[in-house]
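User: I have a model open and would like to talk it through with you. Could you keep the cut-offs explicit as we go?

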Amino acid sequence: MKIKSIKLENFAKYSHIEVSFDKNITYLIGNNGAGKTTLGLDAIWFLFQGIAEKSSKGNNPFVAERFRFIGENGASAKGEMVLVDETKGTKIKVTRKLTKDGTSVSFESLDKGLILNQEWLNDLFNVFLISPRSFLSLDSKKQAEMLGIDTSKFDTELESLMSEHTYINRELKSIGTVEEVLPVDEVDIESLIETKNNMVRFNTNQTSLEQNITRNKEKLKLCELELNELIRQEEEIKQKIDKLKNKVNTGQKYIASLPQPEKLRNMEQIDNEIKEATQNNNKNITYQNYLQQKQKHTQKLTELNNNKKKQSEIIKNRIDYIRSKKLPFDNLEINENGELLLSGKPIKEQYFATGELLKIVPVLISSLNPELKYVFIQQFNLLDEKQQKIVEEYLVGKGFQLVAEIVGEKEVEN
């Protein structure tokens, strides 16, 4: 789709002008302020999208105050544009009226199969195609977004995984080297202590029994001594002797009835077992700590490997996503910040010659919308004649319709 002609009435500084564009190259020649950009860029933008102070409803209007583009010859301005579809051989006339309150658009075409409305114009129009310099003024990330490439989802996920990777790696380093510890079974010290306590209680009880017997033996001994003394005084204390004999007999029977203590148990072995069990259990604790550290270490290594796999998957998905856009140059790429690069460099004048950029940007933008082939090149005479010819031949060879702005009064050949 190319622009055959435009007509403006009371638009900006033009009270009335009609221009026919060559299908290949048209030069707009005049001094600064003569209205070249108004004709080649502003008017085209107005005819496609209108003029407004902000965008709305999916339109991308020329952002300005409307009254500034209404001339002195009335309360409104009007523009007409004839588009030619070279593949179908059809012509479409677009008429747009501008008032201070808004714009209105109408269409004429012999092709009744076309649905002509503002949405149709929106599909054709891309401001960066008709004005490559506008594309160059964007930062590299905005350039990628204008091509419909938004890698922020992948970049956010990748950044999150890389942060997680750093955190996991930091945890792994904090664990340090995990040295192997031989396994040791835990011993029930409480059971051993309980056994010892039972033995202590047993020995205490036996000692008490022994002491009880000893006390009673001492008492019996006293009785025996007293008995012997009384026997010597038998005549005098016969009654007392008999009484004491009974007492002695009773005491002997009582002592005989008392339970006899067993031999005291040796606690040296159980003490050694408790000591060994304590040492053993300390080794068991060391071993359990080793197993926990080893598990944490293994888990963190697994997390680290999974994180790397996820990063690789996201990087692959990101590359597949970018490739799905079918960009026109093989050396185009989107870096990790979502910025558009060509041969590893931003598409900016400080990295590429102006002539190169004038060839690159139209082809790049037209990959989004290959229908409209109109390109307005501002300050074309800043290029030398050799570069002008290279740009012209390249873009015309790609099927573009060039409108080149040249500052000056001298006519251009052909």
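User: How many aromatic pairs does the structure hold?
Analyst: The structure holds ten aromatic pairs, where rings of Phe, Tyr and Trp (its six-membered ring) pair if their centres lie within 6.5 Å, and planes under 30 degrees apart count as stacked, over 60 as edge-to-face and the rest as tilted. In one of them, the rings of Phe154 and Tyr321 have centres 5.4 Å apart and planes at 45 degrees, so this pair is tilted. The two partners come from distant parts of the chain, 167 residues apart, with Phe154 in helix 6 (residues 152–175) and Tyr321 in helix 9 (residues 268–324).

User: Before we go on, what kind of model is this, and what are the ground rules?
Analyst: This is a predicted model, in which local features need pLDDT of at least 70 and side-chain atom pairs count only at pLDDT 80 or more, while totals for chains, interfaces and linings use all residues. Residues are numbered from 1 along each chain as its sequence is written, and side-chain values use heavy atoms, with hydrogens and water left out.

User: Back to that pair, is Phe154 buried or exposed?
Analyst: Phe154 is buried, with a relative accessible area of 14%, whereas Tyr321 is partly exposed at 21%; buried means under 20% relative accessible area, exposed over 50%, and partly exposed in between, with a 1.4 Å probe and protein chains only.

User: And what about Tyr287 and Tyr290, which angle do their planes make?
Analyst: The planes of Tyr287 and Tyr290 are at 35 degrees and the ring centres 6.0 Å apart, so that pair is tilted. The two residues are three apart in helix 9, which means that about one helical turn separates them. Tyr287 is buried at a relative accessible area of 16%, and Tyr290 is buried at 9%.

User: Which rings form a cluster?
Analyst: Ring pairs link Phe11, Trp45, Phe46, Phe48, Phe62, Phe69 and Phe125 into a cluster.

User: Phe11 caught my eye, so what does Thr38 touch?
Analyst: Leaving out residues up to four places away in sequence, Thr38 touches Phe11, Ala12, Tyr14 and Ala43, a contact being heavy atoms within 4.5 Å. Thr38 sits in helix 1 (residues 36–49) and is buried, with a relative accessible area of 15%.

User: Switching to helix 9 again, where is Ile270 and what does Ile270 touch?
Analyst: Ile270 lies in helix 9 and counts as buried at 8% relative accessibility. Beyond residues up to four places away in sequence, Ile270 touches Leu192, Thr195, Lys196 and Met199. By contrast, Ile270 and Lys398 are 99 Å apart in space, C-alpha to C-alpha, and 128 residues apart in sequence.

User: What about Ile315, buried or partly exposed?
Analyst: Ile315, which is also in helix 9, counts as partly exposed at 38% relative accessibility. The C-alpha atoms of Ile315 and Gly355 are separated by 34 Å, with their positions 40 residues apart along the chain.

User: What is the radius of gyration of the whole protein?
Analyst: The protein has 53 Å, where a compact globule of 414 residues would have a radius of gyration near 22 Å, taken over C-alpha atoms with the globule rule of 2.2 Å times the number of residues to the power 0.38. Along its principal axes the C-alpha trace spans about 175 × 45 × 40 Å.

User: How many helices and strands are there?
Analyst: The protein has eleven helices and 13 strands, counted as DSSP runs numbered from the N terminus, with helices being H or I of at least four residues and strands E of at least two.
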